[in-house]
Amino acid sequence: HVQLVESGGGSVRAGGSLRLSCAASGYTYSSYCMGWFRQAPGKQREGVATIDRDGTTTYADSVKGRFTISKDNAKRTLYLQLDNLKSADTAMYYCSIKFTLRPACDYERYTNWGQGTQVTVS
C-alpha cells in the first residue's frame with residue numbers, strides 16, 4: 001500500500017511563501033508520476049504540478065513561474081515550493097502517485113491520496 005502524508009501548509013499573506021512536503025512510502029523505484037493537486041471549497045480538484053522519476057516536471061498554467069515541484073529520492077519525499085502566493089491559491093493541497101508506462105505525466109488516473117494540507121492566503 002502506498003502511504004502519503006502531506007505537511008507544511010499554513011496561513012500566509014498574499015505574496016508570501018510556503019513549502020509543502022509529502023512523505024511517501026510503500027512504492028519501489030520504477031516508472032511513476034508524482035503530483036500535487038488542490039481543491040478549494042465548492043470546486044473540483046485540479047492538478048497543480050507533476051514530476052516523474054527522472055525529474056521532468058509539468059505545471060498548471062495558473063501556478064507556472066510561482067510554484068516549483070521537486071523530490072528527494074533518498075528521503076522519499078515530494079515537495080512543492082509555493083512562492084508569490086495569491087488568494088486564489090487558497091485550497092487543500094494533496095499529493096498523489098501513480099505508476100505508468102506513458103512517456104509523460106498528466107493529471108489523470110491518480111488513486112492514492114494523502115490527507116491533505118491546508119493553504120490559506122489572505
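1. A residue is called buried when its relative accessible area is under 20%, and exposed when that area is over 50%, with partly exposed in between. Keep those cut-offs in mind for the charged pairs below, all taken from a predicted model.

2. A good place to start is Lys98. Its relative accessibility is 8%, and because that is under 20%, Lys98 counts as buried. The salt-bridge partner of Lys98 is Asp106, with the closest N and O atoms 2.4 Å apart. Asp106 has a relative accessibility of 22%, so it counts as partly exposed.

3. You may also like to look at the network here: Arg38, Glu46, Arg66 and Asp89 are joined into one by salt bridges that share partners. In total, the structure holds 6 salt bridges.

4. Next, Arg53 and Asp54. Their side chains meet in a salt bridge, at 3.9 Å from N to O. How exposed is each of the two, Arg53 and Asp54? Arg53 counts as partly exposed, at 29% relative accessibility, whereas Asp54, at 63%, counts as exposed. The cut-off that matters for Asp54 is 50%, because exposed means over that value.

5. Finally, a pair in which both members fall in the exposed class: Lys64 and Asp61. These two form a salt bridge as well, and their closest N and O atoms are 3.6 Å apart.

6. One thing to check on screen, then, is the setting of each pair: Lys98 is buried and bridges to a partly exposed Asp106, while Lys64 and Asp61 are both exposed.

Terms used:
Residues are numbered from 1 along each chain as its sequence is written. This is a predicted model: local features need pLDDT of at least 70, side-chain atom pairs count only at pLDDT 80 or more; totals for chains, interfaces and linings use all residues. Side-chain values use heavy atoms; hydrogens and water are left out. A salt bridge is a side-chain nitrogen of Lys or Arg within 4 Å of a carboxyl oxygen of Asp or Glu. Buried means under 20% relative accessible area, exposed over 50%, partly exposed in between (1.4 Å probe, protein chains only).
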